[in-house]
Amino acid sequence: MSAASAEASAAVMPDLAGRRVHVKVPATSANLGPGFDTLGLALAQYDELDVEAGGDGLRIEVHGVGAGEVPVDESHLVVRAIAHTLAHYGRELPPLRLVARNAIPHGRGLGSSGAAIVAGVMAAKGLLAPEVEISPDELLELATELEGHPDNVAPALFGGLTIAWVTPEGPRHKKLMVHRGVSPLVLVPEHEMSTALARSLQPQSVPHEDAVFNVSRSALLVAALIQSPELLLAATEDKLHQRYRAEAMPETDRLIRVLRAAGHPAVVSGAGPSILVLASDPSERADAMRIVEEAAETPWQALPLAVDFLGATVTPADED
């Protein structure tokens, strides 16, 4: 947003007291094998948020995932994202009542932090509307400023398969519709994985042939996901990041090897330790669930999920 448009927005800024919005944000899986920091997929598992401006101070309730664990003060990631967005448009954080109902696992490579950031940005968008209109590019830029990378926040915002990249003018994305035959399966372990730790295992440079390998597989993966699911096994091969992180999540690595040996397109979901299987039909997904049940040495939760095609939504609370 230009300085002039920011001043114009400030001039018509509404009184937010009494405004109530409902936000719904999907889980995401980033990388998808070869598409490191670029490709992301929205999945039909959701965090939901009710926000009301006004009252006395900040009140936060968290239900479901993270209840009793995440902070309930100004450091809560959703609140930080609301404050960040409002500040961009010249407003301070008002008193808020926030009720979060979370279903996206934390620390499992399913975009929970990205979803929280997107929830906050979308809540601010809803509170400011209709006086302030926030464009898709502005939503992506605001969310990326907090997340650091656009590959998780882009599919959370827009749904479907997203390609994200960064330009001198800011982050950009392209949304693509996924072939109806693609049947995602997410396998979630009991243990968490730090994204910072996963990134620390990544080398600063890789062999030229590995880079070329991933360029070819990333291009093929886009074609496989939107047109030719039968190519998903070859299209999900990777040489840039998964093998370097394997030592930090040995059972994830082992199960991926078992699944791929059986012909299933299995990859690390995001930074892990969850596994994403991009099955080409429901029967293949069922077979992958059976293999993991037989081969796993620790408990794993199997989540057969649809692709979310809508992305994050925000509505006035009285319209839910």
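This report describes helix packing, a covered helix, several individual residues and some less common backbone geometry in a predicted model.

**Helix packing around α2**

Helix α2, which spans residues 77-88, packs against two other helices, and the two crossings are set side by side here.

| Helix pair | Axes come within | Crossing angle |
|---|---|---|
| α2 (residues 77-88) and α4 (residues 136-147) | 10 Å | roughly 130° |
| α2 and α3 (residues 112-128) | 7 Å | roughly 45° |

With axes that cross at roughly 45°, α2 is oblique to α3, since angles of 35 to 65 degrees fall outside both the roughly parallel and the roughly perpendicular ranges. The crossing of α2 with α3 is right-handed. On the α2 side, the contact is formed by L77, V78, A81, I82, T85 and L86, and these meet S113, A116, I117, A119, G120, V121, A123, A124 and L128 on the α3 side. By residue class, this contact of α2 with α3 holds twelve nonpolar and three polar residues, with no charged ones.

The pairing of α2 with α4, where the axes cross at roughly 130°, is therefore oblique as well, and the crossing of these two helices is likewise right-handed. Here R80, A81, H84, T85 and H88 of α2 meet L142, E145 and L146 of α4. The residues in this contact of α2 with α4 divide into three nonpolar, three polar and two charged. A81 and T85 of α2 appear in the contact with α4 and also in the contact with α3.

**The covered helix α5**

Helix α5, residues 150-158, is mostly covered, with nine of its nine residues buried. The buried residues are P150, D151, N152, V153, A154, P155, A156, L157 and F158, a list that includes the charged residue D151 alongside nonpolar ones such as V153, L157 and F158. The elements that cover these residues include the strands β1 (20-30), β2 (39-53), β5 (161-167) and β6 (170-176), together with the helices α3 and α4. Just after α5, the backbone of G159 takes a positive phi of about 80°.

**R108 and S269, two buried loop residues**

Is the arginine at position 108, R108, buried or exposed? R108 lies in the loop between β4 (96-102) and α3, and it counts as buried because its relative accessibility is 14%, which is under the 20% cut-off. A polar atom of the R108 side chain lies 3.0 Å from the backbone oxygen of P189. Leaving aside neighbours within four places in sequence, R108 is in contact with V188, P189, E190, H191 and E192, and also with S269, G272, P273 and S274.

S269, one of the residues in contact with R108, sits in the loop between β8 (266-268) and β9 (275-279). At 0% relative accessibility, S269 counts as buried. Not counting residues up to four places away in sequence, S269 touches S29, A30, R108, G109, L110, S274, I275 and L276.

**R59 in strand β3**

R59 is found in strand β3, residues 58-64, and at 46% relative accessibility this arginine counts as partly exposed. The C-alpha atoms of R59 and R97 are separated by 4.7 Å, although the two residues are 38 residues apart along the chain. Beyond residues up to four places away in sequence, R59 touches L96, R97 and L98.

**Backbone geometry in the loops**

Most residues other than glycine have a negative phi, and most peptide bonds are trans. Against that background, a few loop positions deserve a note. A cis peptide bond with omega of about 5° joins A129 and P130, and P130 is placed in the loop between α3 and α4. A cis peptide bond also runs from G272 to P273, with omega near 5°, and P273 is found in the loop between β8 and β9, where S269 is also placed.

The loop between β1 and β2 holds L32, a residue that is not a glycine and yet has a positive phi of about 55°. L32 is buried, with a relative accessible area of 0%. D37 is placed in the loop between β1 and β2, and this aspartate, also not a glycine, has a positive phi of about 60°.

Definitions and conventions: Residues numbered from 1 in each chain as written. Predicted model: local features only at pLDDT ≥ 70, side-chain atom pairs only at ≥ 80, totals over all residues. Heavy atoms only, no water. Axes fitted to C-alpha atoms, helices over the stretch in contact; angles between N-to-C directions. Helix = DSSP H or I, 4+ residues; strand = E, 2+ residues; numbered from the N terminus. Parallel < 35°, antiparallel > 145°, perpendicular 65-115°, else oblique. Left-handed = near helix turned anticlockwise from the far one by under 90°. Contact = heavy atoms within 4.5 Å. Buried < 20%, exposed > 50% of the residue type's maximum accessible area, 1.4 Å probe, protein only. Polar contact = N/O pair within 3.5 Å; in protein donor to acceptor, adjacent residues only side chain to side chain.
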